[in-house]
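Subject: The two-chain model

Hi,

Here is the structure I said I would pass on. Have a look at it first, then read on for my notes.

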Amino acid sequence: MVRKKYLWLLGALSIVLILVFVFWGLNSNNWEYFLSLRIPKVAALVITGVAIAFSTLLFQTLTNNRILTPSLLGLDSLYMLIQTLVIFILGSTSLILINNKINFFISVGLMLIFSSLLFKALFKRDTSNIMFFLLFGLILGTFFQGLTTFMQMMMDPNEFLHIQDRMFASFNHVNTEILIIAFIVISALMLYSIKYFKLWDVLSLGRDHAINLGVDYHRTIKNMVAIVAILVSVSTALVGPITFLGLLVVNLAREFLKTYEHKYLFIGSSLISLVALLGGQLLIERIFNFSTPISVVINLIGGVYFLYLLLKENVA
Amino acid sequence: MKKRYLILLLILLSIVSLFIGVKEVSLQDILSFENEGLQIMLLSRIPRLISIIVAGMGMSISGLIMQSISRNKFVSPSTAATIDSAKLGVLISLILFTSSRPLHKMLVSFIFAIAGTLFFMQILKRIKFQNTIFIPLVGIMLGNIIDSITTFFAYKLNLIQSISAWLQGDFSMIIKGRYELLYISIPLLVVAFLYANKFTIAGMGEDFAANLGLNYNRVINVGVSIVALISSLVIITVGRIPFLGLIVPNLVTIFQGDNMRKNIFHTALFGSIFLLFCDILGRIIIYPYEIPISLTVGVIGSVIFLVLLVRGNR
């Protein structure tokens, strides 16, 4: 089957990239030091890659809309607001900013509190209307963004540089302790989710069909939003906002695999996202000498490739 | 709400807006052609009022058109690669034309915005509209490609903060000589009103539209061009204003339905009333200083819209 062949190819490609990433330029003198840096980095790349692909895929099924990403819930705007607020009030030398662990827990905690409040607002009433839920998230996200931009405008340019570091996702300083927590949380979620893949296939037929076929719509939606919220909070706090990657890889997987089954789409989009992240990081480290954020490379190459795919297949 | 109440409210707010400011200007000053007061009106207050009304109408109508023709409630005017091209233009004018006048810099970025949009239209022409989701999807992808080019150079030259300061929506810099580009969008708005019915039909899908004898592709192209031109004009002269393109049309359609002929006036009026109201508040709260419009719109708008949403949902 073509689909399986694609997946194997992608899998092989990501393994090759991981190996290149870890073993490039090692010799008997430096291997210990290099490995201690590179293995956490690869782990961070894998974890975020999978988390972003999975959360975007789920979110698109949830909303039945191919152009949405979980950033619509306003979680990454909240993250930027937290970071900006800390620098704005306490300055760039404050403990919360420097200590990654404290920063991680505060950010994740606040994002989770926020999403559960959003939940409550939605599910207090019986109408589980996704449209209202999204508008809520969107409005709050805009609110956070407004505050953030305003503070950034008022800020000393030197302090702004610290925020600029956090505006773009970065894999250059990975904190191992956080990594282990993130790994545990995300793999637990994966295990929990596997049994629901078939249910989500049904859900992608649309709300009415799903209810007709006997899906407990209300509960399923609730579950899905919870999973998305946790995934996004953890991956954003780990490396920073990088949501466009999700849109790109999930749509690439759809164009490649031509399927609606979550099983394939999940594996496909995760692998594509791994290849994109690893390849992007390699390019940045080896060719651009860290002079540009990783999202630039991924958006440029991935975006052009996506347009090429669309044009190739849909030429009028 | 009745249309005439909205119009009345708009006129009322406009008058209030004209007479708020650090310099007291009374009606007598103007009627007696008193020099200073008249100058302030002509140089600052009236340009500001016009640009607020035009920007409010333009952005909310562009949002309405975009959502209707792509049949997707979450598409905003910024999804046509326009804003990202304008941003690239801002970068270029910051690098190459450092000493030229503001209006010239704006022209440079406007040219970029148009070039980006034309490129987007070229791509759309090549794709069969088998699925309307492709319109915003292509726009988002193209926009991100252009944005990553901008970020690449801006990051190297440390211009990211300057670019975001330029694109931060702000009416306090609007004076005579810095906003005239916005007038181009008035004829575009007229075309949008004339095409309202056609957009509604196009919003029912290609098959249905063709069945009713509509030239589907032409209507889509007209729509996308109007949206792109208006939003690039607004983003360059005023900056990025949250909400207007996305949430105003959504709220109006929640209460009024999808017939654009019926709600295009409401959307336009509601958009400019809302923007004007936020601008006045931003000027009053920390008088004699000012809060940028994007902040007042973001904060006050959030509250107003949440209340509307919750009440409408009941």
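Helix 2 and helix 11 of chain A cross in a left-handed way; that is, the near helix is turned anticlockwise from the far one by less than a right angle, while clockwise would make a crossing right-handed. Helix 2 covers residues 31–63 and helix 11 covers residues 217–239, and they pack at about 150° with their axes 9 Å apart. (Axes here are lines fitted to C-alpha atoms, for helices over the stretch in contact, and angles run from 0 to 180 degrees between N-to-C directions.) The two helices of chain A are therefore roughly antiparallel, since angles over 145 degrees get that label, under 35 is roughly parallel, 65 to 115 roughly perpendicular and the rest oblique.

Which residues meet there? On the helix 2 side of chain A they include A:Ala44, A:Ile47, A:Phe54 and A:Leu58, and on the helix 11 side they include A:Ile221, A:Met224, A:Leu231 and A:Val239. Contact means that two C-beta atoms, placed from the backbone, lie within 7 Å. By class, the contact of helix 2 with helix 11 of chain A has 18 nonpolar residues, three polar and no charged. (Ala, Val, Leu, Ile, Met, Phe, Trp, Tyr, Cys and Pro count as nonpolar, Asp, Glu, Lys and Arg as charged, and the others, Gly among them, as polar.)

Before going on, some housekeeping. This is a predicted model, where local features need pLDDT of at least 70 and side-chain atom pairs count only at pLDDT 80 or more, while totals for chains, interfaces and linings use all residues. Residues are numbered from 1 along each chain as its sequence is written, and chains are lettered from A and ligands numbered from 1 in the order in which they are written.

Now the chains as wholes. Chain A has 14 helices and zero strands, and chain B also comes to 14 helices and zero strands. (Helices are DSSP runs of H or I with at least four residues, strands are runs of E with at least two, and both are numbered from the N terminus.) The radius of gyration of chain A is 20 Å, close to the 20 Å from the globule rule for 316 residues, so chain A is as compact as a globular protein of that length. That radius is taken over C-alpha atoms, and the rule is 2.2 Å times the number of residues to the power 0.38. Chain B, with 314 residues, has 20 Å too, which agrees with a compact globule.

The C-alpha atoms of chain A fill a box of roughly 60 × 50 × 40 Å along the principal axes, and for chain B the span is about 60 × 50 × 35 Å. How much of each chain is buried? In chain A it is 44% of the 316 residues, and in chain B 48% of the 314. (Buried means 20 or more other C-beta atoms within 10 Å of a residue's own, exposed means 12 or fewer, and partly exposed is in between, with C-beta atoms placed from the backbone.) Of the contacts with a separation of 6 or more, residues 24 or more positions apart account for 78% in chain A and 77% in chain B.

The chains touch each other as well, with 44 residues from chain B and 42 from chain A. On the chain B side, helix 6 gives the largest share, 16 residues. That side divides into 27 nonpolar, 13 polar and four charged residues. One residue to click on is A:Met153, in helix 6 (residues 130–154) of chain A. Leaving aside its neighbours within four places in sequence, A:Met153 is in contact with B:Ala165 and B:Gln168. A:Met153 counts as partly exposed, with 16 C-beta neighbours inside 10 Å.

Back to helix pairs: in chain B, the axes of helix 12 and helix 13 (residues 260–285) come within 9 Å and cross at roughly 135°. These two are therefore oblique to each other, and their crossing is right-handed.

Finally, two loop residues. A:Lys258 has a phi near 50°, positive although the residue is not glycine, and lies between helix 12 (244–257) and helix 13 (262–286) of chain A. B:Asn158 has a positive phi of about 60° and sits in the loop between helix 6 and helix 7 of chain B. Are they buried or exposed? A:Lys258 is exposed, with 12 other C-beta atoms within 10 Å, and B:Asn158 counts as exposed with 12 neighbours too.

Cheers
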